[in-house]
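This report walks through the sheet, the helices and a few individual residues of one model. The sequence and the structure are shown below.

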Amino acid sequence: MQATRLTLICHARTVAQKQARFGLDEPLDAAWLAKRPESGHGYRNVRQWFCGPELRTRQTAALFGDEAQVVADLADCDLGRWRGLSIDELLKAEPKSLQAWLDDPDAAPHGGESVTRLCHRVGDWLASLEGRREHVVAVTHPFVIRAALVTVLRCPAAAFNRIDIEPLSTVELRFNGVWRLRTQEPGQESHE
């Protein structure tokens, strides 16, 4: 029986990421785009591409040259009134609130979505893919990929802030009765 294969790709670098700011609906970093190396991609046989609704995920999907279907469940974590703020600004203005959010996955002092709620949203989306039996690629955000990993590995939500996801990095998941994290050999993705 063929497994459902899901490749999660983190969107490319933005200025907000360089400045350690929580994202807005910003475009990709123009300086990064100007100097990025030319490269094809190893997902030529993938028929189903998804991306979050934000500009940065749609632009990243376009870098691969494929038409991606926008999926609301792949949206970045709603950080409420913290959107666009830097960690340094929050450390000065709301240190206790920031620490509460980092320590408690149920906390949402910013008025948006808690880490626990994000993990549930992403978990529900993963469940919707379980019967697909095909390779799906989704371009999304570091927080969404963290939530997927916490969900698949059945980690406590407190592990969320111990995962780093770099721009354009990929995570491979497979479902064949249970979700599994799968590592890849270098260049393996180009053989699909």
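Is R154 buried or exposed? In this predicted model, R154 is exposed, because its relative accessible area is 69% and a residue counts as exposed when that value is over 50%. R154 lies in the loop between helix 7 (142-152) and strand 5 (170-175), and its phi is near 55°, a positive value in a residue other than glycine. Most residues other than glycine have a negative phi. A20 also carries a positive phi, near 55°, without being a glycine, and is set out beside R154 in the table.

| Residue | Phi | Loop | Relative accessible area |
|---|---|---|---|
| A20 | near 55° | between helix 1 (15-18) and helix 2 (30-35) | 43%, partly exposed |
| R154 | near 55° | between helix 7 (142-152) and strand 5 (170-175) | 69%, exposed |

**The sheet**

The strands form an open sheet of 6 members in the order 3-2-4-1-5-6, with mixed pairing. Strand 3 (69-70) and strand 6 (179-182) stand at the edges, and because each has a single partner strand, one side of each is left without a neighbour in the sheet. Strands of a sheet pair through backbone hydrogen bonds, either parallel or antiparallel. Strand 1 (residues 4-10) pairs with strand 5 in the antiparallel sense over 6 bridges, and within this part of the sheet T7 stands opposite E172 in strand 5.

Strand 5 also holds F175, which counts as buried because its relative accessibility is 9%, whereas the cut-off for buried is under 20%. Leaving aside residues up to four places away in sequence, F175 touches A3, T4, E130 and R133. F175 and L90, by contrast, are 85 residues apart in sequence and 39 Å apart in space, taken from C-alpha to C-alpha.

**The helices**

Helix 3 (residues 55-63) lies across strand 1, strand 2 (48-51), strand 3 and strand 4 (135-140), and runs at about 135° to strand 4.

How far apart are the end C-alpha atoms of helix 6 (residues 115-129)? They are 21 Å apart, which agrees with the span of 21 Å that its 15 residues should cover at 1.5 Å a residue. The buried residues of helix 6 are V115, T116, L118, C119, R121, V122, G123, W125, L126 and L129. An α-helix has 3.6 residues a turn, so residues three or four places apart point the same way. With that in mind, the reader may wish to follow the buried positions of helix 6, including V115, L118, V122 and L126, along the displayed model.

How values were computed:
Residues are numbered from 1 along each chain as its sequence is written. This is a predicted model: local features need pLDDT of at least 70, side-chain atom pairs count only at pLDDT 80 or more; totals for chains, interfaces and linings use all residues. Side-chain values use heavy atoms; hydrogens and water are left out. Helices (H or I, at least four residues) and strands (E, at least two) are DSSP runs, numbered from the N terminus. Buried means under 20% relative accessible area, exposed over 50%, partly exposed in between (1.4 Å probe, protein chains only). The expected span of a helix is 1.5 Å times one less than its number of residues. Contact means heavy atoms within 4.5 Å. Two strands pair if DSSP finds at least two bridges between them. Axes are lines fitted to C-alpha atoms, for helices over the stretch in contact, and angles run from 0 to 180 degrees between N-to-C directions.
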